[in-house]
Amino acid sequence: MSNAVESSTDSPEERVYRTLYEGILDHRLLPGTKLKEVPLAEAFGVTRGVIRKALVRLATAKVVTIRSQYGASVASPSLEEVGQIFAARRLVESAVVENLVGFISAKDAKELRQLMKQESHAYGAGDMRVGIKLSADFHVRLAKYAGNAVLAEFLEQLVARTPLIFLAHGDPGQSVSCSEHEHADIVAAILAGDREQAVRRMLSHLQHLESHVAPRTKEKGSDLARLLGL
């Protein structure tokens with residue numbers, strides 16, 4: 001069975017989309033992995049049309065690449081794209097934290113503290129998959145709390161593409177993740193009402209993440225059904 005959270009009301013397309021999306025973000029499907037319609041249809045027990053629709057949605061989310069001659073594969077961002085993604089994140093997340101100062105509610109602040117506590121626990125327990133998911137959620141929640149739905153949606157796409165960067169270009173001997181301590185410093189500056197410090201700490205945090213980017217050799221793909229737990 002898949003590890004994806006499923007609902008009895010999920011359509012076959014939604015089930016395929018969620019499972020593949022989480023498989024990519026969980027590092028089970030590496031950049032460049034071919035996503036062939038026939039094997040996927042057999043693994044999920046659905047038609048090729050369902051698989052095709054899910055792949056188009058994943059391509060819209062920028063985590064899958066579809067080429068007419070080669071089919072679909074997990075996105076593998078180039079070093080040029082990496083620079084562009086982090087440049088976009090710096091612009092968006094600077095605006096997010098700046099807008100949050102003096103705007104964040106007590107309820108939102110409490111939720112952030114709880115999220116950071118869960119994040120710290122996951123990393124402390126060595127559960128990198130959960131930790132990375134919570135780290136990504138931290139960044140997206142900041143945007144949502146800032147009250148700009150458009151920025152939040154854009155940032156969610158950027159954050160979703162970030163794990164692919166480290167799978168394609170990270171040091172294979174080193175696990176790269178957000179630092180919960182850096183997250184705590186960002187939140188502390190926001191709650192202290194210090195816009196300049198909040199922006200500075202966010203930029204420093206993103207620079208720290210980007211510093212881990214380095215070209216690496218791609219690994220060969222494996223059986224999709226096994227990787228997805230189907």
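Helices here are DSSP runs of H or I with at least four residues, numbered from the N terminus. With that in hand, let us walk through this predicted model, starting with one aromatic residue and then turning to the charged pairs.

**Phe138 and its surroundings**

Phe138 sits in helix H6, which spans residues 128-145. Its relative accessible area is 0%, and because buried means under 20%, Phe138 counts as buried. Leaving aside residues up to four places away in sequence, Phe138 touches Leu112, Leu115, Met116, His183 and Val187. One of these partners, Leu115, is 23 residues away along the chain, and its C-alpha atom lies 7.1 Å from that of Phe138.

**Salt bridges**

How many salt bridges does a search of the whole structure find? The search finds 11. Three of the pairs are set out below.

| Pair | N to O distance |
|---|---|
| Arg18 and Asp10 | 3.4 Å |
| Arg90 and Glu210 | 2.7 Å |
| Arg200 and Glu196 | 2.7 Å |

The salt bridge between Arg90 and Glu210 joins helix H4 (residues 79-100) to helix H9 (residues 195-210), so the pair ties together parts that are 120 residues apart in sequence. Arg90 itself is partly exposed, at 24% relative accessibility.

Arg200 and Glu196 both belong to helix H9, where their spacing of four residues amounts to about one helical turn. Arg200 is partly exposed at 43% relative accessible area, whereas Glu196 is exposed at 57%.

Arg18, partly exposed at 29% relative accessibility, also takes part in a wider arrangement: a network of salt bridges links Asp10, Glu13, Glu14, Arg18 and Arg57.

Terms used
Residues are numbered from 1 along each chain as its sequence is written. This is a predicted model: local features need pLDDT of at least 70, side-chain atom pairs count only at pLDDT 80 or more; totals for chains, interfaces and linings use all residues. Side-chain values use heavy atoms; hydrogens and water are left out. Helices (H or I, at least four residues) and strands (E, at least two) are DSSP runs, numbered from the N terminus. Buried means under 20% relative accessible area, exposed over 50%, partly exposed in between (1.4 Å probe, protein chains only). Contact means heavy atoms within 4.5 Å. A salt bridge is a side-chain nitrogen of Lys or Arg within 4 Å of a carboxyl oxygen of Asp or Glu.
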